[in-house]
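Hello,

Here is the structure I promised to pass on to you. Please open it beside this email, and then read on for what turned up in it.

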Amino acid sequence: MPEAAAMPNSGRTTRKIPRIRRAETTRFTVDDQKGYLTTADAEDGSVGEVTIRMAKQGSTLAGMMDALGVAITLGLQAGAPAEVYVSKYSSMRFVPAGRTDDPELPMATSIMDYVARRVALDCLPPERRMGMGILTAAERTALADEDAGWVDLPGLAMSAPHELRR
């Protein structure tokens, strides 16, 4: 991605992404599809770049996930908050979907759902994630201990086995 540059006809500049930046890569599996999610920090410490690589290069799924990463990155660099993408892409339902190899997110309704919720867990503070119903297993346990009447409905829905119709 190019460094801060003026957007054509907008008069706005994108957030600056350092040439050398801190990034975190997570290997994931959703159903039988393997991939890698990399999030890199902007100069202000917030997420500024998202890259999604699927193991099956050349496939339609790999191309779509690559394009999704580019679209999210462009939006983040233009100033869109990560919460916008998390709220829009979490809970999207389509195949591949199902079990993941991530203990914090054991089920995903799609790869987009997994990516959005993993970005939330990695990049957003707990108080912002709580409003979206995206909590770590430890946070869910702590809330359940604090309030015996609280039920994590989104968390339960994500951990319940789903039967896909084919």
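Helix H2 covers residues 82–89, and in this predicted model its buried residues are Ala82, Glu83, Tyr85 and Val86. Looking down the axis of H2, you will find these buried residues within an arc of 160 degrees, so they line one face of the helix.

What do the buried residues of H2 pack against? Their partners are strand S3 (47–54) and three helices: H1 (60–77), H3 (111–123) and H4 (126–132). After H2 comes Ser91, which has a positive phi, near 75 degrees.

Next, have a look inside. Rolling a probe the size of a water molecule over the atoms shows where empty space is left. The structure has 1 cavity of 30 Å³ or more, and the largest cavity holds about 100 Å³ of space. Several residues of H2 are part of its lining, including Ala82, Tyr85, Val86 and Tyr89. Val50, Leu68, Ile72, Leu76, Met112, Val115, Ala116 and Val119 are also among the lining residues. At least two residues of the lining come from each of H1, H2 and H3. And which classes of residue make up the lining of the largest cavity? There are 12 nonpolar residues, with no polar and no charged ones.

One more residue to find is Thr29, in strand S1 (residues 23–30). Is Thr29 buried or exposed? Its relative accessible area is 12%, and the cut-off for buried is under 20%, so Thr29 counts as buried. Leaving out residues up to four places away in sequence, Thr29 touches Lys34, Arg99, Thr100 and Asp101.

Enjoy exploring!

Key
Residues numbered from 1 in each chain as written. Predicted model: local features only at pLDDT ≥ 70, side-chain atom pairs only at ≥ 80, totals over all residues. Heavy atoms only, no water. Buried < 20%, exposed > 50% of the residue type's maximum accessible area, 1.4 Å probe, protein only. Helix = DSSP H or I, 4+ residues; strand = E, 2+ residues; numbered from the N terminus. Arc of directions from axis to C-beta. Contact = heavy atoms within 4.5 Å. 1 Å grid on protein atoms, 1.4 Å probe; cavity = no way out; pocket = protein on both sides within 12 Å on 5 of 7 lines; lining within 4 Å. Points joined across faces, edges and corners; volume = space filled by probe spheres on them. Nonpolar A, V, L, I, M, F, W, Y, C, P; charged D, E, K, R; others polar.
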